[in-house]
Amino acid sequence: QEQVVESGGGLVQAGGSLRLSCAASGGTLNIYDMGWFRQAPGKEREFVAAIRWNGGSTSYADSVKGRFTISREYLKNTVYLQMNSLKPEDTAVYYCAADPSRKSASSGRYYLTGSYDYWGQGTQVTVSS
């Protein structure tokens, strides 16, 4: 089974930036649709961003549009989430998710947690005011 590992979280002041990374342990992410989700304490896990397996399209939650960028680097088998202009409300555990069926984007269901089969353990992002 594919294992997905996130890294890059930390503590940052409001207005600052962080870049999260998502890599596969023992496999490849290069042929999967990928997504980033986040979960704040006491809240449900919510969609943040998604990218197609070929990098042909990206999607973002309205709350992060214009501030976050999802990308992938095929040579490193890695997916990134560049987060700029961070706000305290961005504080959450961020999860990387993989969709090996590659149906999440084409079906328009990229924002649903059920569209993804593999999940990482998450990385904490804390934005101080």
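# Close-up views

**View 1. Tyr118 is buried, with a relative accessible area of 19%.** Welcome to this structure, which is a predicted model. Buried means under 20% relative accessible area, so Tyr118, at 19%, falls in that class. Which class does Tyr32 belong to, buried or exposed? With a relative accessibility of 10%, Tyr32 counts as buried too.

**View 2. Tyr32 and Tyr118 make a tilted pair of rings.** Across the whole structure, a search turns up seven aromatic pairs. In the pair shown here, the ring centres of Tyr32 and Tyr118 are 6.3 Å apart and the planes meet at 45 degrees, which is why the pair is called tilted. Where do the two partners sit? Tyr32 is in the loop between β3 and β4 (33-39), while Tyr118 belongs to strand β10 (residues 118-119), so the pair ties together parts that are 86 residues apart in sequence. Both are buried: Tyr32 at 10% and Tyr118 at 19%.

**View 3. Phe37 and Trp119 form another tilted pair.** The centres of these two rings lie 5.1 Å apart, and because their planes are at 55 degrees, the pair counts as tilted. Distant parts of the chain are linked here, with Phe37 in strand β4 and Trp119 in strand β10, 82 residues apart. Phe37 is buried, with a relative accessible area of 0%, whereas Trp119, at 24%, counts as partly exposed. Look around this pair and you will find one aromatic cluster, formed by Phe37, Phe47, Tyr110, Tyr111, Tyr116 and Trp119.

**View 4. Two arginines each place a charged end over a tyrosine ring.** For Arg19, the ring is that of Tyr80, and the charged end sits 4.1 Å from the ring centre. For Arg45, the partner is Tyr95, with the charged end 3.6 Å from the centre of the ring.

**View 5. Four strands build an open sheet with antiparallel pairing.** Follow the strands across in the order β1-β3-β8-β7. The edges are β1 (3-7) and β7 (68-73), each of which pairs on one side only. From one strand to the next, the twist averages 20 degrees.

**View 6. At one edge of the sheet, β1 pairs with β3.** β1 and β3 (residues 18-25) run antiparallel and share five bridges. Gln3 stands opposite Ser25 in β3, and Val4 stands opposite Ala24. Which side chains of β1 are buried? Val4 and Glu6 are, pointing to one face, while Gln3, Val5 and Ser7 point to the other face and are not buried.

Definitions and conventions
Residues are numbered from 1 along each chain as its sequence is written. This is a predicted model: local features need pLDDT of at least 70, side-chain atom pairs count only at pLDDT 80 or more; totals for chains, interfaces and linings use all residues. Side-chain values use heavy atoms; hydrogens and water are left out. Two strands pair if DSSP finds at least two bridges between them. Helices (H or I, at least four residues) and strands (E, at least two) are DSSP runs, numbered from the N terminus. Axes are lines fitted to C-alpha atoms, for helices over the stretch in contact, and angles run from 0 to 180 degrees between N-to-C directions. Buried means under 20% relative accessible area, exposed over 50%, partly exposed in between (1.4 Å probe, protein chains only). Rings of Phe, Tyr and Trp (its six-membered ring) pair if their centres lie within 6.5 Å; planes under 30 degrees apart count as stacked, over 60 as edge-to-face and the rest as tilted. A charge sits over a ring if NZ of Lys or CZ of Arg is within 6 Å of the ring centre and within 35 degrees of the ring normal.
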